[in-house]
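Colleague: Could you take a close look at one part of this model with me, namely chain A and the place where it meets its partner? A friendly walk-through for a first-year student would be lovely.

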Amino acid sequence: MKHFVQDLWCKFRNNRKALFCGYILLFLALAVLPFLLSNTVGRTWVRILDFALIYAMLALGLNIVVGFAGLLDLGYIAFYAVGAYTWALLASPQFDLHLPFWAILPIGAGMAALFGVLLGAPTLRLRGDYLAIVTLGFGEIIRIFLNNLDHPVNVTNGPIGINKIDPISIGGADLTRTHELLGISFSGVHTYYYVLLALLFMTIVICVRLEKSRIGRAWLAIREDELAAQAMGINTRNVKLLAFALGAMFGGIAGGLFASLQGFVSPESFGLLESIMVLCMVVLGGMGHVYGVLLGAILLTVLPEILRSTASPIQRTLFGDVYIDPEALRMLLFGLALILVMLMRPTGLWPAPKRRTAADPDIAKD
Amino acid sequence: MDIFAQQILNGLVLGSVYALVALGYTMVYGILGLINFAHGEVVMIGAMTALAVVSTLLSVFPEMHPFLTILLAGLAAILVCMSLAFFIERLAYRPLRNAPRLAPLITAIGISILLQNIAMIIWGRKYKTVPQLFPTETFELFGASITSVQIFIILISAVLMSGLLVIVHFTKLGRAMRATSESQRVAGLMGINVNKIISVTFMIGAGLAAVAGILIAGNYSVVHYSMGFMLGLKAFTAAVLGGIGNLGGAVLGGLLLGLIESIGAGYIGDLTGGFLGSHYQDVFAFVVLIVVLVFRPTGLMGERVSERA
């Protein structure tokens, strides 16, 4: 069965016409998806889809650091936070700044990249889990600062967070309003969906191209064996810093979009648990594989929501009443799913196609 | 001077609990190279179990000697945590021993989420207060005040830590553990039952975690289903600070982190001219960690890992 599917997939990939048709179908499916969702299960699901797209972007950014370059980052959400707060400060009544989104997007991305280098520089010598704990500490430091920078000078508004963040507006058209186009009305979540989809598509193209580039191969070399990579003439310092900066940049962009979609940011959204969640998306989907990570991000955003909406009705039909706190049950099933998926597919749901053959198990394990 | 002595004392109390938990992290890491993210939750389960046993005993046998009550509760907690750790290792880590490095990390996170929510379902969302078994006495020491509970915490941790060091360095079991952490394959060839040693390591760590949970519960007088997460994080930080995989390092790192935190909380305002308040105590701890690791990339007592030739 598995071989049959693989054969079919190979034939499909090698047939240009079929591939072309497939892309067209995928494009159409993605285009009508929000309307399908809002007409069947409700508009909230389009919003959840929007968040899934943002998380996909975030996970792709982390994939550059963890998947490509093999640098375990447990504080990645900090860059998301930097992006979100940059957007929030530059486009909200907090300082009464209202810059347009095409100005904020590069500023947010640049700020996040700068923080990426700031984190990367002192940690260049660290390996494996030492790096993990320092990045974790970095993430906590950023969160604590966001939480407490409301005095003596009020910058972040402390734990309350920043409200009334401007939405994206293109050509004077506010994206949260409902717009009419060709007789179809697009509400805010719908237009956001298309904007996010376009940005995610760009991210995917950049990631895939990066992986195949000279830099991508350098990252791979460092991931597999840093010493050997150095011996091959790779400037490991610059290449590692580049991984941190680029990964952080995507995180920053995703953060900014999150702030504008939500209209509100607070330090609560940027805790360690969120960092771990993004890491789960990367590892569960298939570390280092762009499409796998995409799958992981979308699954892990949508699954908890499905569990949220089914946790109490299922109990009611099975036992006649809600016995277990639905929120706890939801997280319980979520944790269980993480464990089971990892046990059944240790390399992730959709791992990168294997390139090298590991002859010696000892070397492969190391 | 009084305040300084008090901060040092508080730091030592906090640090010895960190050290106990950090030992569990560092032992598992030394053998498997795995960050056991679920370890903090084991601490929480230990505290919760002990509390449940204590409240049951108090309601069924109100005349029982408090010392016996706490002893029974402790034994129950240790037993529960050890069996929990055994099953966690058996079900979530062992099948992934040859999997990519991050796979067991994800199952560990899954276990952590699972345990937290099971605890929430069983014991509820509220903070639970711990009944006072012993009358608390306060002593004066170098101008600082210390409660009997705090003395008890420092003593118990010191005894357990030295006990562990003796086991690891002077018994046959300890030798097998050290051999396994050097190389599982060669240890296996020497006739060591590697799987058993790994299980035992997990269980010893969990036993220490259970005691740490009880001590923490006794010190703060409240327990909560989410108490394990931050504690586990701090303990892991302590283990890394000392040099992960090194038992002495975990003890040193734990004590140091406790001291840094309490002194940081007390003096960070003065150091920064009042700009940063005591909210920044964790920032202080993490900055110290980063600075230490920048100059000693393998922690304070970690061995210099030679790069693979």
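What pLDDT does chain A average, and what percentage of the residues score at least 70?

Modeller: Happy to help! This is a predicted model, in which local features need pLDDT of at least 70 and side-chain atom pairs count only at pLDDT 80 or more, while totals for chains, interfaces and linings use all residues. Residues are numbered from 1 along each chain as its sequence is written, and chains are lettered from A and ligands numbered from 1 in the order in which they are written.

Now to your question. Chain A averages a pLDDT of 85, and 91% of the residues score at least 70; pLDDT is the predictor's confidence in each residue, from 0 to 100. One stretch to treat with care is residues 359-366 of chain A, where pLDDT stays under 50. For that stretch the model has four contacts beyond four places in sequence, a contact being two residues whose C-beta atoms, placed from the backbone, lie within 7 Å. The model as a whole scores ipTM 0.86 and pTM 0.87.

Next, the build of chain A. Its secondary structure comes to 14 helices and six strands; these are DSSP runs numbered from the N terminus, with helices (H or I) of at least four residues and strands (E) of at least two. The C-alpha trace of chain A spans about 60 × 55 × 50 Å along its principal axes. A compact globule of 366 residues would have a radius of gyration near 21 Å, and chain A agrees with its 22 Å. That radius is taken over C-alpha atoms, and the globule rule is 2.2 Å times the number of residues to the power 0.38. Of the 366 residues in chain A, 45% are buried, meaning that 20 or more other C-beta atoms, placed from the backbone, lie within 10 Å of a residue's own. Among contacts in chain A with a separation of 6 or more, 72% join residues 24 or more positions apart.

Chain A is also divided into domain 1 (1-40) and domain 2 (42-272), with bounds from an automatic or database domain assignment. The centres of these two domains of chain A, taken over C-alpha atoms, are separated by 29 Å. Where the domains touch, four residues of domain 1 of chain A are in contact with eight residues of domain 2 of chain A. The domain 1 side of that contact has three nonpolar residues, one polar and no charged. Here Ala, Val, Leu, Ile, Met, Phe, Trp, Tyr, Cys and Pro count as nonpolar, Asp, Glu, Lys and Arg as charged, and the others, Gly among them, as polar.

Finally, the meeting with chain B. The contact takes 35 residues from chain A and 38 residues from chain B. On the side of chain A, the elements that give two or more residues are helix H6 (128-148), helix H11 (272-286) and helix H13 (326-344). H13(A) provides the largest share of that side, ten residues. By type, the side of chain A that touches chain B divides into 25 nonpolar, four polar and six charged residues.

As for the partner, chain B averages a pLDDT of 88, and 94% of the residues score at least 70. Chain B has eleven helices and four strands, and 50% of its 309 residues are buried.

Methods
Buried ≥ 20, exposed ≤ 12 C-beta atoms within 10 Å, placed from the backbone.
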